[in-house]
Structure formats: structure tokens, C-alpha cells
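Work through the exercises below with the sequence and the model in front of you, and try each task before reading its solution.

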Amino acid sequence: MSIDIHHERLLVIDFGSQYTQLIARRIREAGVYCEIHPFDVTDAFVTEFNPRGVVLSGGPESVTEGWTPRIPEAIFLLDVPLLGICYGMHAMAEQLGGRVAGSDEREFGHAKVAVEEGMDLLAELPGLDGSELDVWMSHGDKVVELPEGFAVGAGTTSAPIAAMVNPQRRWYGVQFHPEVTHTQDGAEILRRFAREICGCTGLWTPENIIEEAVAAVQALVGPDGKVVLGLSGGVDSSVVAALLSRAIGERLTCVFVDNGLLRLGEREEVEKTFRPSNVLSLNLVTVDAADEFLSNLKGLTDPEDKRKAIGATFIDVFDREAHRIEDVAWLAQGTIYPDVIESAASGFGKAHVIKSHHNVGGLPERMKLKLVEPLRELFKDEVRKVGLALGLPREMVFRHPFPGPGLGVRILGEVRKDYADTLRRADAIFIEELRNADYYDRVSQAFTVFLPVRSVGVVGDARRYAYVIALRAVETIDFMTARWARLPYDLIGHVSDRIMNEISEVSRVVYDVSSKPPATIEWE
Ligand code: XMP
């Protein structure tokens, strides 16, 4: 009988902070399972969830302004440690009889707090300078009167109660954000809360996650259930493939669709990685559907029309292929935890969330297959760790994201095969040089874009009019905002030389210096 790794769990109550997911990630990194739920969960849910401790997130609102979100009363009845962060601390203070006030001296950004004796959450942290800790603040309100049973845990000159503690109940509040990297020892503070204060032992490890996911899939699909998976070569579907291969072996069929819009050598790489070996046993079907995709894209210039055509063609091809598998009853998808939380937050309902950006919406309904989503509980960094632990190659696990419509949204306007071939070659040069210069892992996403305009160049004595390639590289944490990557000029120059020398269809290379917003990462 294997251990239940969800047994020790924390509850993260979300008050709408942009950092809530970071709190959960830090706790998981400390080896403790936790889930994020909105502040308006019912008391019955809280009791049923039975956490070992609760973290109350920050939030944009002010408890001083009438009706704002409050902590479910059931949380105070649980008799487990609590940690209120920023707004979570304010709500805690307010609801327990203390007082919160707006502040004229707003403390945003870096601040130094002086830690009081008896604040075990912050005591003897490695980064303490005397009693002072460098922290990150981002709220104007502050606690001005402690609730009964609480003592000051840390203070700054303008916020004398920057942290508070009720040692009997093990309830803590911090005005600053331990979950962001700007707070010195922030990860250690959350680890200490989860492990030492809540007493969790650290069951949430990649090996345990795999063991449990394998058992769960086996129980779900039964001894004969067959599963089909659309393998894109991206991180999520690759990890699903490796996990299912371990759980059900050849009862898994992976369908890899070559849509003609893939990167150079991508198909060969996927075929190499997923060929049967001592770590993997599965059926891999590669479908060469490039002509079908290109013919459906003919004449289309509008980006959304192109996306729709690519999505619809994918569904056709995949459905056709899946029907060839006898008795298949299950469809596997690489839905991950942020997809689940985000869809729930937007009122989508949690039951059947389809990976929103995946361009295969509608597939499960059309195919009448039941869903297997073994990564539903995992953050991206956990998916990667699981992938490595399953033996997937590092280059695959740390690949930059590649959009579902592939090069289709990187060829501006109409997609043509010769354009795609040119773009593929340019892209391969850029990526190869980034890897050679050790920049691939330092940027979040890098690619080339094909501009179907002709620009003049000279070769020897002759002028030639050829196409333009744009290089794009960005740095980002969440892909919602992004900064153009400051690549060294020499590197850009070298990539440009190679592209123009090696690809006669290109006469000019430009570097994209637009950040998001207002620009997006992709060009279409
Ligand atoms: P944008 O261009 O919106 O990109 O700033 C943000 C991230 O999403 C990816 N992206 C897509 N992924 N289908 C996908 O699967 C799409 O249609 C699509 N459009 C953009 C983009 O590559 C970046 O990582």
C-alpha cells in the first residue's frame, strides 16, 4: 500500500494577490502539497479539506473600506497554524478584534524589519543582519492594534506591527511577502511554516508524485483501458506520455501530428525520444499531415482564421487517427494546475477544463472519450521535475514554449511551404547559436519570424530582393508581460551573418526590441 501524499496538506486561501500562485509553489517546493481556493469557500469545504495549516494570501483591497473579502470562520475553528500575508494579515487582525488603518507613509518595495524575540517564524534566519531582515512590501494598510493574544513579531519605523504572532495558537501575520524572491529568506520562511510549524514531513517529492499518479491512472482506466494522447513534443504532453507509459505501457497510443509547421528536426527528435526503450514503452503514431494543413491554410491571411483552420484540421486528423485504435476509451491531456485555477477563477467551472491555449478545444466532446489528466495538480516547475525523474532528456524538459499553431503564426499573412522551409532554417540557426553561446536557458522564449516582404540586398555586383527575418527573444516569468532580451550585439550579428549567408531567400535580419505590453510575444 503506498502512502497518501495528499494527506499532509495546506490550504492557501486566495484574496486575489498576483503572488498567490507563488505562495503555493514555495510550499510545494518545501515538499508539502497545498491547494489554492478562493476566499469564499464554504465552511463545510474548509472542514472537509482538513489542512495541517492555512496560508491567507495578500490581495488588492483594503479591509478599512467596508465590505471586502473576509476569512471563512471555519478556518479559525480548525485549530491549525495560520499564516496571514499582507491582506491576509489585515483580515486576520480585523476579524480577531485588532485594528487596521490606511497609511500615509506607504511602504512599497524593499524595507527592513526588525525581528522581535519570540517570533519563531523569523528567528535565526540565515540572512538576518543582527535582528534585521530585508523584505518586500506592497500594501498601504497596516495593523495598528493587535488582536488579543498576539504580540509584535517584527516592525519597521513606519509600521511598528509589520509581523504579529499568537504563540499559543500558532497564528502568524506578516505585512511583507515571503513568497517573492526580493524577500531575504522568503522561501525558508514558508518552508519553516509548512514543515516545522505545521509539522508536515515533506512527502511531496517527484518520486512520490510519480508513484501516486501511476497508481491513480491505473485505478482510473482499469486493467484494460486504452488511452490516446496528442503528443506535441512540448513539455506537458511529453511528461504525460512518459507518465502514462509507466502506468499502462502499450495501452497508450501517442499520436504525433506533423502539421508542416514544426521546427527543423522536431519530428525526428520526438520519434527518437519516444521510441520504445528500457524506460518507455508506448505506441507512437506519426501522421504526416503537412499537405492537409497547408491546403486548409491556402488563401488565409487573418491570424485568427489561420489559428482556427489549424485547430480544426488538427481535430480532424487526430480524430481520424484515434478511430483506428481499437477500443480506445480515454483521451489524455496535459492540463496543468495553473490552467485549472485560472479557468475556475474565470467562472468556467472546474469539472471539465480544456487546456485553454491548446487549440484542441472541442476534442473530448467530439470524440466521446473520457479524460485522463495526470498533471492537473502540478505547477509547470513540478511537471519539469517529474519529467526529469521519468528520464526525459533535459533539452526536452526545458524547451521554450512553442505555440500550438507552430510556424503558422510566425509566417505573417498567408502560410506557404517555401516560406515555412525558409523560416525553419533561420529558426534552427538562431536556436543553435543561442545554445552555443549559452543563452538558450537565459531567455524564456526565442524564435524567428518570416516577413513576406522583399527588401533589397547586394550579392557581389548584383542586387537581389529577398525576404526579411525578424529575431525575437524575450525574458518573462509568466508570459503575461515580457521584456525583450538584451542579447549581446556580437551574438545577434553572428546569427544575422549566418542566416544571410546560408539562406539565399533572406536579404535582411532585424531584431525585435518590443516588450509586452504593448506588443505580444508572437507576431500574430
Ligand atoms: P503572446 O503572443 O500572446 O504569447 O504574447 C504568450 C505565450 O503564448 C504562446 N501563444 C500560443 N500558444 N497557441 C498556443 O498554444 C496559440 O495560438 C498561441 N499564441 C501565443 C506564445 O508562444 C507565448 O509563449
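A polar contact is a pair of N or O atoms within 3.5 Å; within protein, one must be able to donate a hydrogen and the other to accept it, and residues adjacent in sequence count only if both atoms are side-chain atoms. The model is predicted, so local features need pLDDT of at least 70 and side-chain atom pairs count only at pLDDT 80 or more, while totals for chains, interfaces and linings use all residues. Residues are numbered from 1 along each chain as its sequence is written, and side-chain values use heavy atoms, with hydrogens and water left out.

**Exercise 1.** Find polar contacts of the ligand with E522 and I521.

Solution. Begin with the side chain of E522, where an N or O atom lies 2.5 Å from an oxygen atom of the ligand. Then turn to the backbone of I521, which has an N or O atom 2.8 Å from a ligand oxygen.

**Exercise 2.** Is K142 buried or exposed?

Solution. First locate K142, which lies in strand β8 (residues 142-145); strands are DSSP runs of E, at least two residues long, numbered from the N terminus. Next apply the cut-offs: buried means under 20% relative accessible area, exposed over 50%, and partly exposed in between (1.4 Å probe, protein chains only). The relative accessibility of K142 is 16%, and therefore K142 counts as buried.

**Exercise 3.** Which residues does K142 touch, not counting residues up to four places away in sequence?

Solution. Look for contacts, meaning heavy atoms within 4.5 Å. With that exclusion, K142 touches H90, R99, V100, A101, S103, S158, A159 and Q175.
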